[in-house]
Amino acid sequence: LSAPAPPPPLAPLRGGKDTDIAADAPPISMAEASIIKLELESVRLELSGDIRAALNVSEQVLSLQVEDLGTDHTDVGTTLVRIGSMLMQMGHDAKAMEGLERALSIFKKAYGEEHQQVASTIAKIALIHMGAAQYDMALKKNLQVLDILHKLKLGEEHHDVITTKENTATVYQLVGDWASALSLYESCLAVKRRLLGEEHLGIAKTMVNMGSIYYRTGRYDEALEHFEKGMEIQVNDKGASKVDMAGTLSNIGSVYARKGNVTEALQHHQQALEFSREALGDKNEIVASALNNIGNIFTTDGRINRALDMYEDALSIEEELFGKEHPSVADTKFNMGLLYKQDENFVESQRLLEWCTGIYAKFYGPEHPRTSDARAKAAEVAALAAAPG
């Protein structure tokens, strides 16, 4: 969410042509001067890409603010949010959550429950829940933010409203509520088109998200149309990131795979892997996703050993990033389970698919489509394993 607007400048002293500051303005204290200097240094370091150094400077700012202003001052809350954002970038979500909740308490005490700064802080907390696959909490927080923004009457075209709607749609998408997700994305797309035109990267992002829902619901022609439009915008915009382009290429590859065009599918997924590695290095969840997609193509094409190599590489990355019990790890093991089924190793296939069913139930609930699918496939393999001969 966007930061609150800065305060208006001090009015010039009436009757004096060359006076810029009111004569009775209080002088800046040494502590305030030090804080301002450190805040500017933190911003400079962050913009240069040195997040760790920026974080260290912001922690100095926080210490000075607490000493000078007390623990409940809104400036302290603002710095806590800034520190939380940097911690999130560094992957220290638990520590970030602690600071953000402290900031939220400060803002609620100062402004009440219905304030833009309160909404902004809750939105960041929702992102942490989403990253931890705590989707029920993420959805609850995002809906709370939307409710606050609605009560503030910011309007449908406000940046914070659009961003929160898209974040909420993403959570609906993750929990398999395709209709709710698509409805929110369509609403956001209509507003963005009015504000940005047809060729903006923001349009591409929403088109790709909608394409993902069409893909999940078996509407492959509509999915391909949305993915290719998103890709066209990204290719023509020099500001597009290789990470975003890699994601869109993977999506296009997945549609071609569903349509049975193995050559096009493999070409798009391999290009996505190349872009992902160029942008992020080897140890990243997007790289793992690209490896999984290539593994799926090899599985479809009957190249069992090549597929298993891809899945094992992806699994190694995911377990290092997330630990052994995470939905992304389960997705890869699910693919491996299907591969072992195809290779008629029913015992190993059943073991993996039953494990995936438990993980999906834990994170998504027992009736989620992924849970149900894994359960059904595990039962199918168990029947094959029990069959005579």
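These legends accompany several close-up views of a predicted model.

**Figure 1. The whole chain, built from helices.** Let's begin with the overall picture before moving in. The predicted chain contains 17 helices and zero strands. Its C-alpha atoms fill a box of roughly 100 × 40 × 40 Å along the principal axes. Of the 389 residues, 42% count as buried. The accessible surface of the chain amounts to about 20,400 Å², and carbon and sulfur atoms account for 52% of that area. If you look at contacts between residues at least 6 apart in sequence, 56% of them join residues at least 24 apart.

**Figure 2. Helix 7 and the helices that cover it.** Helix 7 runs through residues 159–174. Its 16 residues reach 23 Å from the first C-alpha to the last, close to the 22 Å expected at 1.5 Å a residue. Is this helix mostly covered or mostly open? It is mostly covered, with twelve of the 16 residues buried. Among the buried residues are the nonpolar-looking names you might search for, Val161, Ile162 and Val171, but also Asp160, Lys165, Glu166 and Asn167. The cover over the buried residues of helix 7 includes helix 5 (116–131), helix 6 (135–151), helix 8 (178–196) and helix 9 (201–216). After helix 7 comes Gly176, which has a positive phi, near 85°.

**Figure 3. Leu149 and its surroundings.** Here we stay with helix 6, one of the helices covering helix 7, and pick out a single side chain. Leu149 lies in helix 6. With a relative accessible area of 2%, Leu149 is buried. Which residues does Leu149 touch, leaving aside neighbours within four places in sequence? The contacts are with Ala119, Leu154, Asp160, Val161 and Thr164. Three of these names, Asp160, Val161 and Thr164, also appear among the buried residues of helix 7. Leu149 and Gln116 are 33 residues apart in sequence, and their C-alpha atoms are 7.1 Å apart in space.

**Figure 4. Phe107 and Tyr111, a stacked pair within one helix.** A search of the whole structure finds four aromatic pairs. One of them joins Phe107 and Tyr111: the ring centres are 6.0 Å apart and the planes meet at 15°, so the pair is stacked. Both residues lie in helix 4 (residues 93–111), four residues apart, which is about one turn of the helix. Buried or exposed: how does Phe107 count? Phe107 is buried, with a relative accessible area of 0%. Tyr111, at 36% relative accessibility, counts as partly exposed.

**Figure 5. Tyr135 and Tyr364, a stacked pair across the chain.** Now for another aromatic pair, formed by Tyr135 and Tyr364. This pair is stacked too, at 5.6 Å centre to centre and with 10° between the planes. Which parts of the chain does the pair link? Tyr135 sits in helix 6 and Tyr364 in helix 16 (residues 346–364), so the pair links distant parts of the chain, 229 residues apart. Tyr135 and Tyr364 are both buried. Together with Tyr360, they form one aromatic cluster.

**Figure 6. Helix 12 and its packing partners.** Helix 12 spans residues 262–280. Its 19 residues reach 26 Å from first C-alpha to last, close to the 27 Å expected at 1.5 Å a residue. The buried residues of helix 12 are Ala265, Leu266, His268, His269, Ala272, Leu273, Phe275 and Ser276. What do these buried residues pack against? Their partners are helix 11 (242–258) and helix 13 (285–300). Gln267 is also found in helix 12, and at 44% relative accessibility Gln267 counts as partly exposed. To place this view relative to Figure 5, note that the C-alpha atoms of Gln267 and Tyr364 are separated by 32 Å. Helix 12 is followed by Gly281, whose phi is positive, near 85°.

**Figure 7. A nonpolar patch on the surface.** This last view turns to the outside of the model. Ile28, Ile36 and Leu40 form a nonpolar surface patch, with about 320 Å² of accessible area together. Leu40 lies in helix 1 (residues 30–47). At 59% relative accessibility, Leu40 counts as exposed.

How values were computed
Residues numbered from 1 in each chain as written. Predicted model: local features only at pLDDT ≥ 70, side-chain atom pairs only at ≥ 80, totals over all residues. Heavy atoms only, no water. Helix = DSSP H or I, 4+ residues; strand = E, 2+ residues; numbered from the N terminus. Expected span 1.5 Å × (residues − 1). Buried < 20%, exposed > 50% of the residue type's maximum accessible area, 1.4 Å probe, protein only. Contact = heavy atoms within 4.5 Å. Patch = residues over 30% accessible without salt bridge, like charges linked within 9 Å, V, L, I, M, F, W, Y side chains within 5 Å. Areas by Shrake-Rupley, 256 points an atom, 1.4 Å probe, with all protein chains shown as cover. Salt bridge = Lys/Arg side-chain N within 4 Å of Asp/Glu carboxyl O. Phe/Tyr/Trp six-rings, centres within 6.5 Å; stacked < 30°, edge-to-face > 60°.
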